[in-house]
Structure formats: C-alpha cells, structure tokens
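Biologist: I would like a close look at a single part of this structure. Please take one helix and go through its surroundings step by step.

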Amino acid sequence: MWIFGRKGASGFSVSSTAEDVTAGIDGTGLTAIVTGVMAPPFTLSEDKIELQFATNHLGHFLLTQLLLETMKRTSHEQKKEGRIVNVSSEAHRFAYKGIYFDNLNDESSYSPMYAYGQSKLANILHANELTRRFKENGANLTANALHPGSIATNLLRYHSFVDGVVDWVGKYFLKNIPQGAATTCYVALHPQVNGISGKYFMDSNVAQPNSYAEDADLAKELWDISLTMAAP
C-alpha cells in the first residue's frame, strides 16, 4: 500500500486503480502494448543497437509509424480523437545529458541506469514531436507520455539487490498491478484528457518532466535519427 493518497487536479491520486479512472468509460478497442527492459548489462539487439534504446524507444517508434496512417484515417472517418500513449518513467531524469546520439552503441561509456533513463527520455520526446506534427498537419490525434509508477514486476530482474529489499519496499512504495495500470488507462481513455497532447502524466495527473524532455530541437533530432535507425 502507498502512504500518500492526496488527489490531484484530476480527482485521482497515486493510489487510484485502473478501475477507478475508467469507471463508466467504454474502453472497447483499447489495446495497451507495454513492453520494455531495464538496466541490463551492455547488450546489442539483433539489429546491433543498444538493447534498451532499441526495445524501449525504437520498437515503439516503429510500431507507431506503421499504425500512424491508419490511425489518421480512422479518426477522420469516425470523427473521433485517436490517442497515442507512450509509457515513459521518472527515470528519464537519470538520463545522460540529453540523448547521446554519437555513443548509443558505445560499450565503454555505457551506464545501465543512464541508458535506461535515456530510453525513457526518448519516449517523452517522441510524444512531443508527434504532437508538433499532428498540429502542423491538422490530424485528430494526440500523443502523451507518462510515468506509471513503481510497480511490483520483474523489470529489475538484472539487479540482485532487489531480492533482499523488495518485500520491505513493496509494503510501502510499490504499486500493485491495478494501480500501476491506472495512469495508462487514464491518459488513453478519460474524457479529461480530450484534446490534451504533448504532456507528461504521473498518478493520473499532468506532471512536469525535466528540461531535456521539453527540448523541441532534441525531439526533432531524435525523430530524424530514429527514422534512419528503424528503416528496413
């Protein structure tokens, strides 16, 4: 259980569950694909890209690109807003200074947690650049990023210290699965988020990311480089 449960402007809090934030809302058609890896030893993907950047950012970037035209067409035909939701993390604050484009695959400068933070920063920048492009093209789509909270999963499986402290930490700090899904469901479905794009959410409320996450030039550079890296 969590110690703090004060509600934010949305009326929800850190202890709200997915059921709370979606009460009375039709979630038909929502598919949430939440996948990632956290702080493994230096590893390259099959495409020879650092594993965390490849999994946590490029995979999501490519999936979005493949779905984008269909989403635009569907939202136009049905006259209904389409939403893209990137699951980021408060760990974006632990990234290198910005994105280390020149050293993405450099093992000698690799830090497991900094690289994880870099991939989560990329999630926010991606949503922001999508927002800029949607506004420029008049698309009836939004894109936002969020921190789901610290959830009781095996994401930290690469760190042996977790086994010794997870029981104690879980009593006070870790969200259960329904709580961990709340912010994702809120941003994807709740009417309060209609028309909101390019924002960062935490505990089902708008939150403030770090300054790198709001750097429009960095977001554009990431977009261009991601297009190249994700090309067949």
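Modeller: What follows is a walk along helix 2, its neighbours and the loop after it, with a short look at a second group of rings.

The model is predicted. Helix 2 covers residues 51-78, and histidine 60 is one of its residues. Is histidine 60 buried or exposed? Its relative accessible area is 17%. The limit for buried is under 20%, so histidine 60 counts as buried. The side chain of histidine 60 also reaches back to the backbone oxygen of asparagine 56, at 2.9 Å. Leaving aside residues up to four places away in sequence, histidine 60 touches Thr35, Thr55, Asn123 and His126.

Two of those names, Asn123 and His126, come up again in helix 3, among the residues that make the contact with helix 2. Helix 3 spans residues 112-137. Two packed helices are described by the angle between their axes and the distance between the axes. For helix 2 and helix 3 the angle is about 15 degrees and the axes are 8 Å apart. Angles under 35 degrees count as roughly parallel, and helix 2 and helix 3 are therefore roughly parallel to each other. Their crossing is right-handed. On the side of helix 2, the contact includes Asn56, His60, Phe61, Thr64 and Leu68. On the side of helix 3, the residues include Ser119, Ala122, Asn123, His126 and Leu130.

Helix 2 has another partner, helix 7. How do the axes of helix 2 and helix 7 cross? They come within 10 Å and cross at roughly 85 degrees. An angle from 65 to 115 degrees counts as roughly perpendicular, so helix 2 is roughly perpendicular to helix 7. The contact is made by Phe53, His57, Leu58, Phe61, Leu62 and Gln65 of helix 2, with Leu222, Trp223, Ser226, Leu227, Met229 and Ala230 on helix 7. Phe61 is thus listed in the contact with helix 3 and in the contact with helix 7.

Phenylalanine 61 also brings us to the rings. The structure holds 6 aromatic pairs. One of them joins phenylalanine 61 and tryptophan 223: the ring centres are 5.2 Å apart and the planes stand at 80 degrees, so the pair is edge-to-face. Phenylalanine 61 is in helix 2 and tryptophan 223 is in helix 7 (residues 216-230), so this pair ties together parts that are 162 residues apart in sequence. Phenylalanine 61 has 1% relative accessibility and counts as buried. Tryptophan 223, at 6%, counts as buried too.

Away from helix 2, tyrosine 186 and phenylalanine 201 form an edge-to-face pair, with 6.2 Å from centre to centre and 65 degrees between the planes. Tyrosine 186 lies in helix 6 (residues 182-189) and phenylalanine 201 in strand 3 (residues 200-202), so the parts tied together here are 15 residues apart in sequence. Both residues are buried. Together with Phe12, they form one aromatic cluster.

Finally, back to the loop between helix 2 and strand 1 (82-87), where lysine 79 is found. Most residues other than glycine have a negative phi. Lysine 79 has a positive phi, near 50 degrees. With a relative accessible area of 73%, lysine 79 is exposed. Serine 204 also has a positive phi, near 60 degrees. Serine 204 sits in the loop between strand 3 and strand 4 (205-207), and at 1% relative accessibility it counts as buried.

Conventions. Residues numbered from 1 in each chain as written. Predicted model: local features only at pLDDT ≥ 70, side-chain atom pairs only at ≥ 80, totals over all residues. Heavy atoms only, no water. Helix = DSSP H or I, 4+ residues; strand = E, 2+ residues; numbered from the N terminus. Buried < 20%, exposed > 50% of the residue type's maximum accessible area, 1.4 Å probe, protein only. Polar contact = N/O pair within 3.5 Å; in protein donor to acceptor, adjacent residues only side chain to side chain. Contact = heavy atoms within 4.5 Å. Phe/Tyr/Trp six-rings, centres within 6.5 Å; stacked < 30°, edge-to-face > 60°. Axes fitted to C-alpha atoms, helices over the stretch in contact; angles between N-to-C directions. Parallel < 35°, antiparallel > 145°, perpendicular 65-115°, else oblique. Left-handed = near helix turned anticlockwise from the far one by under 90°.
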